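Work through these short exercises with the model open beside you. Try each task before reading its solution.

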Amino acid sequence: MSARPFRILGVQQIAIGAPDKARLRRLWVDLFGLEVTGTFVSERENVDEDICATGAGPFKVEVDLMQPLDPEKKPAVHTTPLNHVGLWVDDLPKAVEWLSAQGVRFAPGGIRRGAAGFDICFIHPKGNDEFPVGGEGVLIELVQAPPEVVQAFRALAEAGTEGVTAR
């Protein structure tokens, strides 16, 4: 196995689905105090979502509250309450190339612009014969981190190693 040419930096988002996002908003916005920073509606993805956030700057994490536009159509964003987890990655094209070579199965659609404006792609929840490695039931979104996020995580990692000595 070749050296991994990318780094997973941290959690970018958690997407939660329900038949009615108003009930999700009651908990996440009204009670937990997350800020609604945007909305996203897509017929193709069968989703109506509120994009919420907690944290600040490069360490902000989105919590996407999703409901289907049509509960009878696919994708069914509400049938798995924890719809997907998004991870910041420092070099998305290299990650996709390397992970594919390791047998990771990606969902159709390839790298594309996501709801929050970042390039994204999804690791399929299940492997298959050609690509046996999947998310073991979890849809995983890889999100290209912008330069300021890459730098913030690099600085955090470097600060965490200062003063550490070998024993």
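Accessible areas here come from the Shrake-Rupley method with a 1.4 Å probe. The structure is a predicted model.

**Exercise 1. Take stock of the chain.**
State how much area the protein chain exposes and what share carbon and sulfur atoms supply. Then give the share of buried residues and the order of the elements.

Solution.
- Step 1: The exposed area of the protein chain is about 9,800 Å², and carbon and sulfur atoms supply 55% of it.
- Step 2: Of the 167 residues, 40% are buried.
- Step 3: Count the elements: three helices and eight strands. From the N terminus, they run β-α-β-β-β-β-α-β-β-β-α.
- Step 4: Look at contacts with a separation of 6 or more. Residues 24 or more positions apart account for 57% of them.
- Step 5: Tally the charges. The protein chain carries 17 positive and 23 negative side chains, and the centres of the two sets lie 2 Å apart.

**Exercise 2. Map the largest nonpolar core.**
Which residues make up the largest nonpolar core, and which element gives the most to this core?

Solution.
- Step 1: List the members. The 12 residues are Phe6, Val89, Leu92, Ala95, Val96, Trp98, Leu99, Val104, Phe106, Cys121, Ile123 and Leu142.
- Step 2: Assign them to elements. α2 (92-101) and β7 each supply at least two residues of this core. With five residues, α2 gives the most.
- Step 3: Check for a further core. Another one, of 10 residues, lies apart from the largest; Trp88, Ala145, Val150 and Phe153 are among them.
- Step 4: Focus on Phe6. Beyond its neighbours within four places in sequence, Phe6 contacts Val89, Asp90, Asp91, Lys94, Ala95, Trp98 and Leu99.

**Exercise 3. Inspect the backbone.**
Find where Asn46, Glu136 and Pro75 lie. Are Asn46 and Glu136 buried or exposed?

Solution.
- Step 1: Recall the background. Most residues other than glycine have a negative phi, and most peptide bonds are trans.
- Step 2: Take Asn46. Its phi is positive, near 50 degrees. Asn46 sits in the loop between β2 (35-42) and β3 (47-54). The cut-off for buried is under 20% relative accessible area. Asn46 is at 2%, so Asn46 counts as buried.
- Step 3: Take Glu136. Its phi is also positive, at about 50 degrees. Glu136 belongs to the loop between β7 (119-123) and β8 (139-144). Exposed requires over 50%. Glu136 has 73%, so Glu136 is exposed.
- Step 4: Take Pro75, in the loop between β4 (61-67) and β5 (82-89). The peptide bond from Lys74 to Pro75 is cis, with omega near -10 degrees.

Definitions and conventions. Residues are numbered from 1 along each chain as its sequence is written. This is a predicted model: local features need pLDDT of at least 70, side-chain atom pairs count only at pLDDT 80 or more; totals for chains, interfaces and linings use all residues. Side-chain values use heavy atoms; hydrogens and water are left out. Helices (H or I, at least four residues) and strands (E, at least two) are DSSP runs, numbered from the N terminus. Buried means under 20% relative accessible area, exposed over 50%, partly exposed in between (1.4 Å probe, protein chains only). A nonpolar core is a set of buried Ala, Val, Leu, Ile, Met, Phe, Trp, Tyr and Cys residues joined through side-chain atoms within 4.5 Å. Contact means heavy atoms within 4.5 Å. Lys and Arg count as positive and Asp and Glu as negative; His and the chain ends are not counted. The place of a charge is taken as NZ of Lys, CZ of Arg, CG of Asp or CD of Glu.
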